[in-house]
Amino acid sequence: MSSAADNHNPSRTPDNVKERLKSSYDAIAPKYNAWTAQHSGSRLKYLEKLFELLSAPGPSQQPHFLELGCGAGEPVTRKLLSYPGVHVTANDLSTTQIELAKSSLLGDGNDNAANAGRLTLIERDMMNLSFPDQSFDAVFAFYSLIHLPRVEQTEMIGKIVRWLKPGGYLLANFAEGEQEVIVMEKWLDEKDWMFWSGWGKDKTLKVVEDAGLEIVVSEVSKDVVDASFLWIIAKR
């Protein structure tokens with residue numbers, strides 16, 4: 001997330017937090033995507049753990065996955081689409097990131113030929129998403145829920161539980177430490193204001209369990225940057 005020396009910790013969440021996050025990611029999308037590539041190993045490691053728990057898609061199965069905070073679609077969205085029969089709904093707050101995902105995953109090219117009709121991209125604050133109950137076999141949120149104020153994180157997990165089919169899974173990571181507001185005026189770029197929030201390990205696990213999910217995997221992992229994250233796989 002950030003180093004302590006660079007953090008600014010106001011007493012309350014800024015009123016325009018979503019607008020500022022969107023503006024920041026729109027401004028730094030290519031730079032962020034190059035920087036976050038170093039996190040690909042963690043994303044794919046836990047993705048593989050989840051797919052060991054899920055039944056492999058077969059000819060009669062058409063699993064539906066939701067990715068919250070898909071960015072430009074690399075590597076997770078592309079990896080999800082590599083499973084035959086899968087339909088992926090991928091969401092991001094950033095206009096620029098969604099446009100990059102469209103170009104990368106739905107643009108011309110043999111690698112994208114099978115994606116048409118199996119990928120839905122939605123530009124929106126994830127808190128404003130709406131789906132019928134029991135729509136998804138799995139929900140993925142990599143480095144995205146941490147940008148929600150922690151009260152909204154609790155609300156979002158409740159929504160995810162409703163959207164999951166019985167037996168479905170949530171795979172997400174959260175801040176290990178507890179802090180209501182972390183703000184950086186300049187993160188990766190001069191134009192890059194950034195916000196994070198978290199309940200901390202123990203309270204996050206309680207929030208997930210209280211929402212009606214069974215914790216299957218719970219691990220704290222040191223990131224390639226100077227931060228530790230709680231990785232959770234939980235089953236409805």
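User: Why is Tyr32 called buried?

Analyst: Happy to walk through it. This is a predicted model, and in it Tyr32 has a relative accessible area of 10%. Buried means under 20%, so Tyr32 qualifies.

User: And what makes Tyr25 buried?

Analyst: The reasoning runs along similar lines. The relative accessible area of Tyr25 is 11%, and the cut-off is under 20%, so Tyr25 counts as buried.

User: Why is the pair of Tyr25 and Tyr32 called edge-to-face?

Analyst: Two values matter here. The ring centres lie 5.1 Å apart, and rings pair if their centres lie within 6.5 Å. The planes stand at 85°, and over 60 degrees counts as edge-to-face, so that is the name the pair gets.

User: Why is the pair of Phe140 and Phe142 called stacked?

Analyst: Their centres are 6.4 Å apart, which is within the 6.5 Å limit for a pair. The planes meet at 20°, and planes under 30 degrees apart count as stacked, so the label follows.

User: How do you know whether Phe140 and Phe142 are buried or exposed?

Analyst: Relative accessibility is 0% for Phe140 and 3% for Phe142. Buried means under 20%, so both residues are buried. Phe140 and Phe142 also belong to a cluster linked by ring pairs, whose members include Tyr46, Phe65 and Trp231. The structure holds twelve aromatic pairs.

User: Now the sheet, please. What makes β3 and β8 edge strands?

Analyst: The sheet is open and has seven strands in the order β3-β2-β1-β4-β5-β9-β8, with mixed pairing. β3 (119-123) and β8 (214-222) each have a single partner strand, so one side of each has no neighbour in the sheet. From one strand to the next, the twist averages 10°.

User: How do you know that β2 and β3 pair?

Analyst: Five bridges join these parallel strands, and at least two are needed, so β2 and β3 pair. Val88, for instance, has Leu119 in β3 as its bridge partner. Helix α4 (residues 95-106) lies across both strands, at about 165° to β3.

User: What makes β9 a partner of both β5 and β8?

Analyst: Bridges again. Seven join β5 to β9 and eight join β8 to β9, against a minimum of two, so both count as pairs. Each pair runs antiparallel. In β9, Ile233 is the partner of Leu171, and Ala234 that of Ile215.

User: Why is β9 called mostly covered?

Analyst: Six of its eight residues are buried. Helix α2 (residues 40-53) lies across several strands, among them β9, running at about 15° to β9.

Terms used:
Residues are numbered from 1 along each chain as its sequence is written. This is a predicted model: local features need pLDDT of at least 70, side-chain atom pairs count only at pLDDT 80 or more; totals for chains, interfaces and linings use all residues. Side-chain values use heavy atoms; hydrogens and water are left out. Helices (H or I, at least four residues) and strands (E, at least two) are DSSP runs, numbered from the N terminus. Axes are lines fitted to C-alpha atoms, for helices over the stretch in contact, and angles run from 0 to 180 degrees between N-to-C directions. Contact means heavy atoms within 4.5 Å. Buried means under 20% relative accessible area, exposed over 50%, partly exposed in between (1.4 Å probe, protein chains only). Rings of Phe, Tyr and Trp (its six-membered ring) pair if their centres lie within 6.5 Å; planes under 30 degrees apart count as stacked, over 60 as edge-to-face and the rest as tilted.
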